[in-house]
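Hello,

I am passing a structure on to you, with some notes to help you find your way around. Please open it alongside this message.

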Amino acid sequence: MAEIDIGKHCQIDSCNQKDFLPFVCDLCSGIFCLEHRSREAHSCSEEPVKRESRTVGSSTSYPCSFQDCKGKELLPVTCPQCEKHFCLAHRHQDDHKCEKLEVQKPRMAATKQLVQKIIESKDKDKCQSKARRGAKNSATAAKVALMKLKLHAAGDKGLPQTERTYFQVYLPKGFKDSSQPMFFCSKWSVGKVVDYAASLASLKNNNNVLTAKKLRLCHPQTGEAFRMDDTLLSLLAHTETPLYNGGNVILEYLDNECTGLENVSDYVTQI
């Protein structure tokens with residue numbers, strides 16, 4: 001499954017690090033990573049000019065460009081696509097309804113490729129058979145589990161009940177807790193779900209570092225690593241291998257070229 005090409009490289013020649021949330025200098029309009037975002041760090045050649053911002057005391061703040069939002073940040077948080085400033089709550093494209101938000105691409109080709117790899121592998125073929133036998137009871141089990149999850153799940157309490165999706169989230173191997181109950185907004189992208197789950201579980205998240213292993217959300221039966229731009233709504237509505245509200249998902253660190261979990265049976269036996 002191909003990785004999405006997002007983010008930009010730092011313009012400092014000695015750095016050139018790719019950052020998924022790059023900073024744009026409001027003076028020279030250069031693009032920089034977190035380390036070189038300040039004018040001093042990248043030796044900005046432009047003189048400071050008067051800019052549209054709100055000042056509290058002696059500190060400059062950056063107001064959010066999202067309609068009716070009164071949030072502001074001490075440092076610029078710029079969308080790399082529309083290049084507008086936003087608060088942390090609206091920094092993702094889908095959160096501020098970015099005018100340059102790309103339409104989701106069909107994922108059937110990638111799914112067929114993954115299925116073909118499973119068929120060619122004997123070990124994965126055995127795991128797939130076990131998943132099919134258990135799939136008949138997944139929907140019923142999820143309804144029962146949903147009642148329990150609603151009592152203990154952690155999440156954003158400000159989300160409307162109608163938009164909440166509950167999962168028992170199984171954490172990476174070797175973590176102190178094997179799983180935690182959580183809930184997310186059904187409209188969120190997989191990328192935002194991963195970031196929020198990592199924050200709740202205090203997991204190390206280097207998804208913005210190009211060379212690091214990525215924290216991915218995986219299907220509990222097939223082991224498929226979901227695309228970061230998929231939404232929970234699309235995964236819940238999938239006709240072949242859907243997720244269930246009240247069901248399970250797996251968080252695991254995977255190499256950049258990896259399309260899913262290699263040993264699904266290790267997770268399936270513990271779920």
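Below is what turned up, starting with the core and moving on to the rings.

This is a predicted model, where local features need pLDDT of at least 70, side-chain atom pairs count only at pLDDT 80 or more, and totals for chains, interfaces and linings use all residues. Residues are numbered from 1 along each chain as its sequence is written, and side-chain values use heavy atoms, with hydrogens and water left out.

The largest nonpolar core (buried Ala, Val, Leu, Ile, Met, Phe, Trp, Tyr and Cys residues joined through side-chain atoms within 4.5 Å) has 28 residues. Phe-167, Val-169, Phe-184, Leu-203, Leu-217 and Leu-251 touch the most other members. Helix α4 gives the largest share, six residues (helices, H or I, of at least four residues and strands, E, of at least two are DSSP runs numbered from the N terminus).

Lys-192 also lies in α4. With 15% relative accessibility, Lys-192 counts as buried (under 20% relative accessible area; exposed is over 50%, partly exposed in between, with a 1.4 Å probe and protein chains only).

Now the rings: the whole structure holds five aromatic pairs (Phe, Tyr or Trp rings, the six-membered one for Trp, with centres within 6.5 Å; planes under 30 degrees apart are stacked, over 60 edge-to-face, the rest tilted). Tyr-166 and Phe-183 make a tilted pair, 5.3 Å centre to centre with 40 degrees between the planes. Tyr-166 sits in strand β8 and Phe-183 in strand β9, 17 residues apart. Ring pairs also join Phe-167, Phe-184, Trp-188 and Tyr-196 into a cluster.

Enjoy exploring!
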